[in-house]
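Student: I would like to take a close look at a single part of this protein rather than skim over everything. Could you choose one strand and go through its surroundings with me slowly?

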Amino acid sequence: MSEFHLAAEFFPMNERDLDQVAALEASLQPFPWSRGNFADSLTAGYSVWVCRLGGELIGFSVVMSVIDEAHLLNIGVAARHHGQGYGARLLRNAMQAARLGGATKLFLEVRPSNERAVELYRHFGFRQIGLRKAYYPAAIGREDALIFDKELA
């Protein structure tokens, strides 16, 4: 059976996932979160999920909720699975988990240079509400962050 016929499954992230998630993050970002950042998210009780395809960990998301607001802190899909809809499914799962946790609005920051992500967020109805100057480390200097939000209710 080809992997395109396998259904992606979502599971709450646990400690056994940390090495794989940190490795996936390191393969995606020039300035990745550390294993410790993901472990801290678990300890803090954030909504942290992994996406598996045929048992292989191919994606993750991290959402922090405070009262009725949530913040998408991190999301990623293995590069070889880009453009196959898994990012959209992870984002839907993150939004649903935030909504079930009582959030009515979801915020996120994204690099302007991450055009694929910007397009995905806009497709899902996120709107840009601000800009954080020099927010992200970059190869030379720093890169701004676009701030987006979306009503979940």
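Tutor: What follows begins with the whole chain, then turns to one strand and its surroundings, and ends with a few residues elsewhere.

The model is a predicted one, and it holds 4 helices and 7 strands. Read along the sequence, these elements follow the pattern β-α-α-β-β-β-α-β-α-β-β. The radius of gyration is 15 Å, close to the 15 Å that the globule rule gives for 153 residues, so the protein is as compact as a globular protein of that length. Along its principal axes, the C-alpha trace spans about 45 × 40 × 30 Å. Of the 153 residues, 42% are buried, and the accessible surface comes to about 8400 Å², with 52% of that surface belonging to carbon and sulfur atoms. If you consider the contacts between residues at least 6 apart in sequence, 60% of them join residues at least 24 apart, which is worth keeping in mind when we look at individual neighbours.

The part I have chosen is strand β7, which covers residues 142–151. Ile147 is found in this strand, and it counts as buried because its relative accessible area is 13%, below the 20% under which a residue is called buried. Which residues does Ile147 touch, once its neighbours within four places in sequence are left aside? The contacts are Leu108, Glu109, Arg127, Gln128, Ile129, Gly130, Leu131 and Arg132. To place these partners, it helps to know that strand β5 consists of residues 105–110 and that strand β6 consists of residues 127–137. Not every part of the chain lies so close to Ile147: the C-alpha atom of Arg80, which is 67 residues away along the chain, is separated from that of Ile147 by 27 Å.

We can now look back at β7 from one of those partners. Ile129 is found in strand β6, and beyond four places in sequence it touches Phe107, Ile147, Phe148 and Asp149. Ile129 counts as partly exposed because its relative accessibility is 40%, a value that falls between the limits of 20% and 50%. Its C-alpha atom is separated by 9.8 Å from that of Lys150, which stands 21 residues apart from Ile129 along the chain. Further along strand β6 is Ala134, whose phi is near 50°, a positive value in a residue other than glycine. Ala134 is partly exposed as well, with a relative accessible area of 38%.

A second view of the region comes from Lys105, whose place is in strand β5. Is Lys105 buried or exposed? Lys105 is buried, since its relative accessible area is 19%, and the cut-off for that word is under 20%. Its side chain is joined to the side chain of Glu151 by a polar contact of 3.2 Å. Leaving out residues up to four places away in sequence, Lys105 touches Asp68, Glu69, Ala70, Arg127, Asp149, Lys150, Glu151 and Leu152. Over the whole protein there are 16 positive and 17 negative side chains, and the centres of the two sets lie 3 Å apart.

From here we can move on to strand β4, which covers residues 69–77. Leu72 has its place in this strand and is buried, with a relative accessible area of 4%. Among the residues in contact with Leu72 are Leu106, Phe107 and Leu108, and also Val62, Val63 and Tyr121. The C-alpha atoms of Leu72 and Ser47, 25 residues apart along the chain, are separated by 9.5 Å. The loop between β3 (56–66) and β4 contains Ile67, which has a positive phi of about 55° although it is not a glycine. Ile67 counts as exposed because its relative accessible area is 76%, whereas Leu72 is buried.

For one last residue, consider Asp17, which lies in the loop between β1 (8–12) and α1 (18–28). Asp17 counts as buried at 5% relative accessibility, and a polar contact of 2.7 Å joins its side chain to that of Arg52. Apart from neighbours within four places in sequence, Asp17 is in contact with Pro12, Val50, Arg52 and Leu57.

Conventions:
Residues are numbered from 1 along each chain as its sequence is written. This is a predicted model: local features need pLDDT of at least 70, side-chain atom pairs count only at pLDDT 80 or more; totals for chains, interfaces and linings use all residues. Side-chain values use heavy atoms; hydrogens and water are left out. Helices (H or I, at least four residues) and strands (E, at least two) are DSSP runs, numbered from the N terminus. The radius of gyration is taken over C-alpha atoms; the globule rule is 2.2 Å times the number of residues to the power 0.38. Buried means under 20% relative accessible area, exposed over 50%, partly exposed in between (1.4 Å probe, protein chains only). Contact means heavy atoms within 4.5 Å. Accessible areas come from the Shrake-Rupley method with a 1.4 Å probe; for residues, only the protein chains shown count as cover. Lys and Arg count as positive and Asp and Glu as negative; His and the chain ends are not counted. The place of a charge is taken as NZ of Lys, CZ of Arg, CG of Asp or CD of Glu. A polar contact is a pair of N or O atoms within 3.5 Å; within protein, one must be able to donate a hydrogen and the other to accept it, and residues adjacent in sequence count only if both atoms are side-chain atoms.
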